[in-house]
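The following exercises are to be worked through with the model in view. Please attempt each task before reading its solution.

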Amino acid sequence: MIEIKNVSQSYSKKIKVIENMNLKIEDGTIFGFIGPNGAGKTTTIEMITGVLKIDSGDIFIDGNSITKNPIEAKKLFGFVPDSPDAFEKLTGLEYLNFIGDIYNVSPKDRLEKVKNLSDKFGITNSLKDRIQSYSHGMKQKLLIISVLLYNPKNWILDEPMTGLDPKASFILKELMKEHSKNGNTVFFSTHVLEVAEKLCDKIAVIDKGKIIFVGTCEELKEKSKNNSSLEESFLKIIEE
Ligand SMILES: Nc1ncnc2c1ncn2[C@@H]1O[C@H](COP(=O)(O)OP(=O)(O)OP(=O)(O)O)[C@@H](O)[C@H]1O
Ligand SMILES: [Mg+2]
């Protein structure tokens, strides 16, 4: 479970990029985060994951404050950022071993999972190469595998399908469904409303740093009196 409580953020002192945000992402749900470019999705995700310092308010991962108890909180989630650029000089396998060491994944478990997951995502042959030689999608696959390696309760993914090929995107969506079905939390941002509609138990719409809707896709359609398309409902609520 992820709880955002009264959170505000301004990069420069003048403008608030996130304004008094409150949001609860419950266990057992796939929760979509949608909103226009620059609305504040990545900023919010970076605050949840402790990448960005919170100006005021606090965020809790299964009850652990990311500001006051960051190590405990960080053990409980896996994060795939929107730009998967990290540790370019390591090989894929070295990176996965590094993550395995940090999260105490046993050698046996590690070997089995690395083999299964890299086969599944089709990057087995590239694991011996340095990450700097990977394409955007390959880096993304590696980061997804690194999260699945220690399989935390909470998955936090910033536009995870962008750049993934159709097979990988399909596999990831299936894994997201399975993870939430097992009582865990999946929180992800996306611009692909069809994906949100098919996958999400709940969505939050953010615009100009404020949450303007929380509920199911059906409820959003009802609210905007548009029963046919999530896209039209989304555009209507953003315009209003
Ligand atoms: N490092 C930064 N310094 C200053 N302002 C920033 C910084 N990063 C983001 N912003 C501003 O914060 C606001 C929210 O940006 P953010 O990246 O969170 O949006 P987003 O919803 O993720 O957009 P997108 O859909 O394009 O990924 C924007 O106005 C952006 O200009
Ligand atoms: Mg973003």
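Three exercises on the sheet and on one helix follow, all based on a predicted model.

**Exercise 1.** Determine the strand order of the open sheet and identify its edge strands.

*Solution.* Begin with the order: the 6 strands of this open sheet are arranged as 6-7-8-3-9-10, and their pairing is mixed. Next, look for strands that pair on one side only; these are strand 6 (77-80) and strand 10 (210-215). From one strand to the next, the twist averages 15°.

**Exercise 2.** Describe how strand 3 is joined to strand 9, and state which helix touches both.

*Solution.* Strand 3 (residues 30-34) and strand 9 (residues 202-207) run parallel and are joined by 4 bridges. As one point of register, Ile-34 has Val-205 of strand 9 as its bridge partner. Helix 9 (residues 230-239) packs on the sheet and touches strand 3, strand 9 and strand 10. The direction of helix 9 makes about 40° with that of strand 9.

**Exercise 3.** Place helix 5 on the sheet, check its span, and decide whether it is mostly covered or uncovered.

*Solution.* First, the placement: helix 5 (residues 136-150) lies across strand 6 and strand 7 (154-158), at about 180° to strand 6. Second, the span: at 1.5 Å a residue, its 15 residues should span 21 Å, and the end C-alpha atoms are 22 Å apart, which agrees. Third, the burial: 12 of the 15 residues of helix 5 are buried, so the helix is mostly covered. Among the buried residues are Met-138, Lys-139 and Leu-149. The cover includes strand 6, strand 7, helix 3 (92-102), helix 4 (107-121) and helix 6 (166-181). Finally, Asn-151, just after helix 5, takes a positive phi of about 40°.

Terms used. Residues are numbered from 1 along each chain as its sequence is written. Chains are lettered from A and ligands numbered from 1 in the order in which they are written. This is a predicted model: local features need pLDDT of at least 70, side-chain atom pairs count only at pLDDT 80 or more; totals for chains, interfaces and linings use all residues. Two strands pair if DSSP finds at least two bridges between them. Helices (H or I, at least four residues) and strands (E, at least two) are DSSP runs, numbered from the N terminus. Axes are lines fitted to C-alpha atoms, for helices over the stretch in contact, and angles run from 0 to 180 degrees between N-to-C directions. Two residues are in contact if their C-beta atoms, placed from the backbone, lie within 7 Å. The expected span of a helix is 1.5 Å times one less than its number of residues. A residue is buried if 20 or more other C-beta atoms lie within 10 Å of its own, exposed if 12 or fewer, and partly exposed in between; C-beta atoms are placed from the backbone.
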